[in-house]
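Here is an informal walk through one model, for someone who likes to look at pockets and packing. Keep the viewer open while you read.

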Amino acid sequence: MASGNACYVIGDIQGCCDQLEQLLALISHTAPTAKILFAGDLVNRGPKSLQTLRLVKAMGARADSVLGNHDLHLLAVANGLRPAHKSDTLDEILQAPDREELLDWLRQRPLALIEQGHLLVHAGVFPAWSIEQTLALAHEVEQVLRGPDWLSLLREMYGNTPERWSDDLHGSERWRGIINALTRMRYCSLDGAMDFDSKDGMAATPPGLLPWFDIANRNSAGQPIIFGHWSTLGLVLRPDLISLDTGCVWGGKLTAVSLPGRDVLQVDCPQQQRPGKSK
Ligand SMILES: Nc1ncnc2c1ncn2[C@@H]1O[C@H](COP(=O)(O)OP(=O)(O)OP(=O)(O)OP(=O)(O)OC[C@H]2O[C@@H](n3cnc4c(N)ncnc43)[C@H](O)[C@@H]2O)[C@@H](O)[C@H]1O
């Protein structure tokens, strides 16, 4: 039986609802009342995004998810602000009778949260940011997403600039910098500029770049951060870092890690997308 504050954090599902159900069944065996947190990218590229959204939303107060880049992309596509990509598998959601409830629920999700001393974000934390600043900046964007300017934010969030953080950024540049760090970043230049071209794992780190979490003097260093997004990085368990995207949609695994114990539960996933064919 789970203790009162048992929690499992689950990596990127991307519409692989059957594997999510299998993983939740495994969790129920050992911790039937555990809180469930998701590292974002609930939807897209996999076969059952609609069922995934319905399932996670129906978990109510027992569960929460941070927003991932694919979740934000769904909100933009659903509002006619962006065309769908060839590889998107969002149509079922867009045509669902309950789409507005589901999208509204998704739009209210946080971009960062703290659980048992761990910061949870979808992708990363700008090297210049402390944990406190990360939460405050995530909250700035969450407030916009929940307020009257949310469509402007979604319209203007696409693009790779600014590469570097400055506290002086304002307006859509500021929103984009925050969103890109929290939901898309993998590598940074040694002086802390985000790179969006490199998606391979650490064995193929390009010259002049480092994973964001290995940048020297990172202001959040030493405080545990959990993230997904980086499927080619795979499962990383370090005292200060838990990386949870184990490539479910690419034929890898769906992973859950418990807090505070860090027990790992995994489910094998059939391949839904072929690497390199993602646009
Ligand atoms: N502000 C913003 N600006 C721009 N876009 C925004 C945005 N906000 C939201 N978006 C949206 O974000 C979405 C994704 O953009 P993309 O640019 O298409 O996504 P990605 O980096 O491939 O990210 P993904 O999240 O799928 O990462 P993963 O590690 O699984 O996969 C990464 C790569 O690893 C490869 N890969 C996976 N498994 C592999 C394996 N086993 N072997 C080799 N390669 C593998 C795959 O081919 C894949 O390309 C788009 O819909 C875009 O519109």
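## A buried glutamine, a helix face and a ligand shell

Let's start with Q14, which is buried because 32 other C-beta atoms lie within 10 Å, where 20 or more is enough to count as buried. Bear in mind that this is a predicted model. Q14 sits in the loop that links β1 (7-10) to α1. Setting aside neighbours within four places in sequence, the contacts of Q14 include D41, V43, N44, R45 and G46, along with H70, C248 and V249. If you want a long-range pair to click on, Q14 and S87 are 73 residues apart in sequence, yet their C-alpha atoms are 12 Å apart in space.

Next up is helix α2, residues 49-58. Its buried residues are S49, L50, T52, L53 and V56. Viewed down the axis of α2, those buried residues fall within an arc of 165°, so they line one face of the helix. The general rule behind such patterns is that an α-helix has 3.6 residues a turn, so residues three or four places apart point the same way. What do the buried residues of α2 pack against? Their partners are the helices α1 (17-30), α4 (91-94) and α5 (99-107), plus the strands β2 (35-38) and β3 (63-65). After α2 comes G60, with a positive phi near 60°.

There is another positive phi in the hairpin of β4 and β5: Q116 takes a value near 50° there, and the hairpin has two residues between its strands. β4 (residues 112-115) pairs with β5 (residues 118-121) in the antiparallel sense, over four bridges. Across that pairing, I114 of the hairpin stands opposite L119 in β5.

Now for the ligand. It is surrounded by 23 residues, and the closest are N69, H73, S231, W250 and P275. Two helices that each supply at least two residues of the shell are α3 (69-78) and α8 (171-183). Which element gives the most to the shell? That is α3, with four residues. Here is the shell split by class:

| Class | Residues in the ligand shell |
|---|---|
| Nonpolar | seven residues |
| Polar | twelve residues |
| Charged | four residues |

Finally, the annotation. An unreviewed UniProt entry places the feature "domain: Calcineurin-like phosphoesterase" at residues 8-153. Over residues 8-153, the chain is 45% helix and 12% strand, with the end C-alpha atoms 31 Å apart.

Key:
Residues are numbered from 1 along each chain as its sequence is written. This is a predicted model: local features need pLDDT of at least 70, side-chain atom pairs count only at pLDDT 80 or more; totals for chains, interfaces and linings use all residues. A residue is near a molecule or strand if its C-beta atom, placed from the backbone, lies within 6 Å of it. Ala, Val, Leu, Ile, Met, Phe, Trp, Tyr, Cys and Pro count as nonpolar, Asp, Glu, Lys and Arg as charged, and the others, Gly among them, as polar. UniProt positions are given in the numbering used here, feature names are shortened, and annotations may be inferred rather than shown by experiment. Two strands pair if DSSP finds at least two bridges between them. A residue is buried if 20 or more other C-beta atoms lie within 10 Å of its own, exposed if 12 or fewer, and partly exposed in between; C-beta atoms are placed from the backbone. The arc is that of the directions from the helix axis to the C-beta atoms. Two residues are in contact if their C-beta atoms, placed from the backbone, lie within 7 Å.
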